[in-house]
Amino acid sequence: MNEITLHQPPMRSWGSPNASPFCTKLETYLRMTEVPYKTGKFARGQAPKGKIPYVGIDGTHVGDSQLVIEELERRLAKAGKQPLDGGLSAQEAALGRLARRTLEEAVYFVAMMIRWRTDDGYRAMRDEFKKMLPGFVMPLIRRNVHGKLAGQGTGRHTLEEAMAMGAADFAAIAELLGNKPFFLGDKPRTVDCTLFAFVEGVLAFPVDSALKASVGSHENLVAYRQRIRDRWWKDLG
């Protein structure tokens, strides 16, 4: 497979792969599959979906982390290589999809509340984002995120209510993970890219919260995170 270009923010925020769980998800997939890639600057105007990450493949930009992964899975299979989800049963694929959607469509917005609604979270985001954006845009971003959270629905809850929901979601996922090395068994699958990204994002964020404490209380999630860091993210230290 030809080398692809991964467009995303360049910082390894808070000692983690990326501030965005979707960027962490996609780059973890590239490392797990050993797809050759290089990183490139990102421009929202060039992003097919108007968001990050996106990739350049054979002269074409492809957006959305999940759509990129699905395209790369097809290309790996076509090249005679084993896709991460190759050989999954229908039940395993369904379970992986449900876990991924729970994280991306529910837990994500709880994490956004912690990062952008709380003053401590906002300060951490502001200090990180000012490495690539002018400071005057940060209040505008915060206001925009508040509007999106309200429109999506999570932002209409109190922070305590939202964190309790997120903690319950992580508890369910921890129960399903059990003592397996990866979510669906002995081999990493695409769902592991997402699960790692969200566990990493919560535990690496430098602000204490009830959600962070809850995730950290699940020994199997903590060990799972470290296992993936040790194997595919050694450069983070």
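**Entry 1: salt bridges across the interface**

I looked first for salt bridges between domain 1 and domain 2, and the rule finds one across their interface. The model I am reading is a predicted one. I then looked up Glu-104 and Lys-25, whose side chains meet in a salt bridge with an N to O distance of 2.7 Å. Domain 1 covers 4–79 and domain 2 covers 90–233.

**Entry 2: polar contacts and the side of domain 1**

I next searched the interface of domain 1 and domain 2 for polar contacts, and the rule finds seven residue pairs, with both residues at pLDDT 80 or more. Which elements give two or more residues to the side of domain 1 that touches domain 2? I found α1 (21–33) and α2 (65–78). Helix α1 provides the largest share of that side, nine residues. I sorted the residues of this side of domain 1 by type and noted 11 nonpolar, six polar and five charged.

**Entry 3: extent of the contact**

I looked up the separation of the two domains: the C-alpha centres of domain 1 and domain 2 are 19 Å apart. The contact draws on 22 residues of domain 1 and 25 residues of domain 2. Between the two domains an area of about 2100 Å² is buried, and carbon and sulfur atoms give 74% of it. Which residues of domain 1 lose the most area to domain 2? I noted Met-11, Trp-14 and Met-32, which together make up 33% of what that side buries.

**Entry 4: Trp-14**

I returned to Trp-14 to check its backbone. Trp-14 lies in the loop between β1 (4–7) and α1. Its phi is positive, about 55°, although Trp-14 is not a glycine. I recorded this because most residues other than glycine have a negative phi.

**Entry 5: a cis peptide bond**

I looked up the peptide bond between Ile-52 and Pro-53 and found it to be cis, with omega about -5°. Pro-53 belongs to the loop between β2 (37–40) and β3 (54–57). I marked the bond in the notebook because most peptide bonds are trans.

**Entry 6: aromatic pairs**

I searched the whole structure for aromatic pairs and obtained seven. Why is the pair of Phe-22 and Phe-198 edge-to-face? The ring centres of Phe-22 and Phe-198 are 6.0 Å apart and the planes stand at 85°, so the pair is edge-to-face, given that planes over 60 degrees apart count as such. I also noted that this pair links distant parts of the chain, 176 residues apart: Phe-22 is in helix α1 and Phe-198 in helix α7 (residues 190–204).

**Entry 7: salt bridges in the whole structure**

I closed with a search of the whole structure for salt bridges, which gave 17. I looked up the pair of Arg-31 and Glu-27, a salt bridge whose closest N and O atoms are 3.8 Å apart. Arg-31 and Glu-27 are four residues apart in helix α1, so about one helical turn separates them.

How values were computed. Residues are numbered from 1 along each chain as its sequence is written. This is a predicted model: local features need pLDDT of at least 70, side-chain atom pairs count only at pLDDT 80 or more; totals for chains, interfaces and linings use all residues. Side-chain values use heavy atoms; hydrogens and water are left out. Domain bounds come from an automatic or database domain assignment. Contact means heavy atoms within 4.5 Å. Buried area is the accessible area (1.4 Å probe) that two parts lose on being put together, summed over both. A salt bridge is a side-chain nitrogen of Lys or Arg within 4 Å of a carboxyl oxygen of Asp or Glu. A polar contact is a pair of N or O atoms within 3.5 Å; within protein, one must be able to donate a hydrogen and the other to accept it, and residues adjacent in sequence count only if both atoms are side-chain atoms. Ala, Val, Leu, Ile, Met, Phe, Trp, Tyr, Cys and Pro count as nonpolar, Asp, Glu, Lys and Arg as charged, and the others, Gly among them, as polar. Rings of Phe, Tyr and Trp (its six-membered ring) pair if their centres lie within 6.5 Å; planes under 30 degrees apart count as stacked, over 60 as edge-to-face and the rest as tilted.
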